[in-house]
Amino acid sequence: MKKFDVLVIGAGPAGYVAAIRCAQLGKITACVDCWIGKDGKPALGGTCLNVGCIPSKAWLESSEYYHEVTHKLGAHGIKAGEVTLDVAAMLARKDKIVTSLTKGVESLFKKNKVTWIAGKARMIPGQKVEVTPSLGGEAEIIEAEHIIIATGSSARHIPNVLIDDKRIFESAGALDFTSVPRKLVVIGAGVIGLELGSVWKRLGSEVILLEAMDSFLAMADDQIADEAWKEFKRQGLDIRLGTRVLSATTKEDSVTVRYQDEKGDHALECDRVIVAVGRKPMLQWLGAAEVGLELDERGYIHVDEFCGTNLPNVYAIGDVVRGPMLAHKGSEEGVMVAERIAGEEARVNHDTIPWVIYTAPEIAWVGKTEKQLKAAARKFKTGVFPLAASGRAKAMGITSGLIKIIADAKTDRILGVHMIAPGASELIAEAVVAMEFAASAEDLSRIVHAHPSISEAIHEAALAVHGRTLHI
Ligand code: FAD
Ligand code: NAD
C-alpha cells in the first residue's frame with residue numbers, strides 16, 4: 001500500500017496549490033484527480049483552468065477585441081476594412097491557453113515532487129483512500145497521515161431543462177461553441193450568465209437572460225447593481241427579472257423555453273440555451289457518508305475556520321466548503337491548511353476576499369455592502385465618485401461607472417469598496433490591501449494617485465467620504 005504524508009483529493013486551484021505548498025514544506029505529497037481533458041487525457045487544474053476562470057476570460061478578451069473593432073474604433077477616427085469573425089480560431093486560442101496552463105501545473109508538480117495520481121478517489125475508514133484509475137486498471141488503496149479534500153463543485157440543473165450539449169448547455173459546453181448563436185437564452189443572470197452573455201452578445205447574438213430573482217445582482221451593492229443594470233441594458237443585454245422557467249423543449253433546429261413572470265406565461269424560441277443557475281459542492285464519488293464526514297445544512301462539507309472537518313487530520317477547502325466559490329479563496333485555504341499541517345500559524349481573512357465580474361466595464365468589490373451593514377445596524381458613511389468626472393475615463397471613452405467607499409461612521413475604517421469601472425479587477429487590489437491593513441478612508445484620501453488614471457477615482461471616493469471631493 002502506498003503511503004504519503006499528505007494526500008490531496010482534487011487538483012483545482014484549491015487542491016493543486018495545497019499540494020505544492022505541502023511539498024514545499026517538506027511533506028511527501030500526492031494529489032489525485034479525475035479530470036479528463038478535451039483530448040481524452042487526464043488534466044490538472046480542475047474547473048478553473050479547464051472550463052472556468054481561464055477559458056471564460058480568453059473568450060471575454062477575444063470578444064471584446066471584436067466588439068472594439070466593430071463598434072468602438074470609429075469614435076477614435078479609425079476606419080477598419082471588412083472585419084471577419086473566425087470563431088474556430090477563437091476557440092483554438094482558448095484551448096491553447098488552457099493546455100499551456102494545465103501542463104504548467106503538471107510541471108509545477110514535477111518540480112515540487114508532488115505525485116500526480118489520475119483517478120477517482122473514495123474515502124474509506126482508517127485514513128485511507130481507494131483510487132480507481134482514470135485510464136483503467138486495478139483500484140489501489142492509498143494511506144495518508146493527512147487528507148485534504150478539494151473536490152470542487154459542479155453546475156446546478158433545473159427541472160425540465162435537460163443538458164444535451166447540442167442545444168442546451170452548462171457553462172462548460174458554452175465555452176466550446178463553434179459558431180455564434182443567432183438567439184441565445186441564458187437561464188440565470190448571475191456571474192456566469194453575465195460573463196458568457198456578454199461574450200456572445202459582443203460576437204453578435206441576441207441574448208436574453210432569464211433571472212428568477214426580482215432584483216438584479218443581489219450579492220452586489222445596490223448602487224453598483226443599479227449602474228450595471230443601466231449599462232448592460234445600454235449594451236443590449238435583454239435581462240428579464242422575476243421569471244420562473246418551466247421547461248426547455250428542443251426541436252431539430254431550435255429550443256422553446258417556457259417561463260412565467262408577473263405578466264403570465266411566455267414561450268421563447270431560440271437556437272441555444274445556457275443554464276447558469278449556480279453550482280453545488282462535488283461529493284459524488286467521495287464516499288463522505290461511509291466515513292462519517294459531516295456536511296453542513298446546505299450540503300457542503302462542514303469545516304471550522306481553519307478548514308478542519310469533523311474527522312481528525314481530514315481537511316476540506318475550496319468550492320466544496322462554505323464561502324464564495326472563487327478560485328483565489330480556495331487557493332488561500334489550500335496554503336493555510338498546508339502551513340498548519342506543517343505546524344505553522346496561518347489563517348485566511350474571509351472578510352477581504354475580492355469579487356470580480358469580468359464584464360465591460362468590470363465589476364469588483366471587497367467587504368460589506370450598504371445592505372449588509374444596515375442589516376447589522378452598523379453606522380457608516382459613504383463616498384462615491386462617478387467615472388464621468390474622471391479625465392482618464394473621458395479619454396478612454398468611458399461615460400458610466402463609479403467607485404464607492406463605505407467607512408465606519410465613527411472610526412472611519414474602510415468596511416467595503418465597490419466599483420464598476422474598466423480594470424476594476426486590478427483596481428480592487430488597492431482596496432484589499434487597504435482593508436487588510438485596517439486603513440481608514442482618510443488614509444486612502446491622503447495617498448498620492450497617478451494622474452490621469454482610473455485609480456484617482458478611488459482617491460476621490462475616499463475624499464467624498466468626508467465631503468472633500470475635488471473634481472465634482
Ligand atoms: P475545482 O476547480 O472544481 O476542482 C476540483 C477537482 O477535483 C476537479 O478536477 C474534479 O474533477 C476533481 N474531483 C472531484 N471529485 C473527485 C474525486 N472523488 N476524486 C478525484 N478527483 C475529484 N472563480 C474565480 O475566482 N474567478 C473567475 O474568473 C472564475 N470564473 C469562472 C467561470 C466559470 C465558467 C466557472 C464555472 C467558474 C468560475 N470560477 C471563477 C469559479 C472557480 O472555477 C472555482 O471557484 C474554482 O475552480 C474552485 O476550485 P476548487 O479547487 O475548489 O475546485
Ligand atoms: P450565481 O450564483 O452567480 O448566479 C446564478 C443566478 O441564477 C442567480 O442570480 C440566481 O438567482 C439565478 N437562478 C437560480 N435558479 C434559477 C432559475 N431556476 N431560473 C432563473 N434563474 C435562476 O451562479 P453562476 O453564475 O452559475 O456561477 C456559479 C459560481 O461560479 C458563482 O457563484 C461564482 O462563485 C463562480 N464564478 C465566478 C466568476 C468570477 O469570479 N468572475 C465567474 C463565473 C463563476
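This passage looks at the nonpolar cores and the two ligand sites of a predicted model.

A good place to start is the inside of the protein. The largest nonpolar core holds 36 residues, and the members that touch the most others are Trp59, Trp200, Phe216, Leu217, Phe232, Ile239 and Ile363. Several helices and strands each supply at least two residues of this core: helices H3 (53–72), H4 (87–112), H6 (191–202) and H7 (222–235), together with strands E8 (183–187), E9 (206–210) and E18 (362–367). Phe216 makes a helpful example to find in the structure. Setting aside neighbours within four places in sequence, Phe216 is in contact with Ala189, Leu194, Ala225, Ala228, Trp229, Phe232, Ile239 and Leu241. Another core, of 30 residues, lies apart from the largest one and includes Ala11, Ile20, Cys307 and Val337.

Next comes ligand 1. Around this ligand are 38 residues, of which Asp33, Thr47, Lys57, Asp319 and Ala327 come nearest. Some polar contacts can be traced atom by atom. One oxygen atom of ligand 1 is 2.8 Å from an N or O atom in the side chain of Asp319. The backbone takes part too: a polar backbone atom of Ala14 is 3.0 Å from an oxygen atom of ligand 1, while a polar backbone atom of Cys53 is 3.5 Å from a nitrogen atom of the ligand. On its own, ligand 1 has 1000 Å² of accessible area, and the protein covers 94% of this. Elements supplying at least two residues each to the shell are helices H1 (13–24), H2 (46–51), H3 and H9 (327–341), and strands E2 (29–33) and E3 (115–124). Among the elements, H2 gives the most, with 4 residues. Sorted by class, the shell around ligand 1 contains 19 nonpolar, 14 polar and 5 charged residues.

Ligand 2 can be explored in the same way. Its surroundings comprise 20 residues, with Ile192, Glu211, Gly278, Met325 and Val356 coming nearest. Two glutamates offer side-chain atoms here: a polar one of Glu211 lies 2.6 Å from an oxygen atom of ligand 2, and an N or O atom of Glu195 is 2.9 Å from a nitrogen atom of the ligand. Ala212 contributes through its backbone, where an N or O atom lies 3.1 Å from a nitrogen atom of ligand 2. Taken alone, ligand 2 exposes 840 Å², and the protein buries 77% of that area. Helix H6 and strand E17 (355–357) are the elements giving two or more residues to this shell, and H6 gives the most, with 3 residues. By class, the residues around ligand 2 divide into 14 nonpolar, 3 polar and 3 charged.

Methods: Residues numbered from 1 in each chain as written. Chains lettered and ligands numbered in written order. Predicted model: local features only at pLDDT ≥ 70, side-chain atom pairs only at ≥ 80, totals over all residues. Heavy atoms only, no water. Core = buried A, V, L, I, M, F, W, Y, C linked by side-chain atoms within 4.5 Å. Buried < 20%, exposed > 50% of the residue type's maximum accessible area, 1.4 Å probe, protein only. Contact = heavy atoms within 4.5 Å. Near = heavy atom within 4 Å. Polar contact = N/O pair within 3.5 Å; in protein donor to acceptor, adjacent residues only side chain to side chain. Areas by Shrake-Rupley, 256 points an atom, 1.4 Å probe, with all protein chains shown as cover. Nonpolar A, V, L, I, M, F, W, Y, C, P; charged D, E, K, R; others polar.
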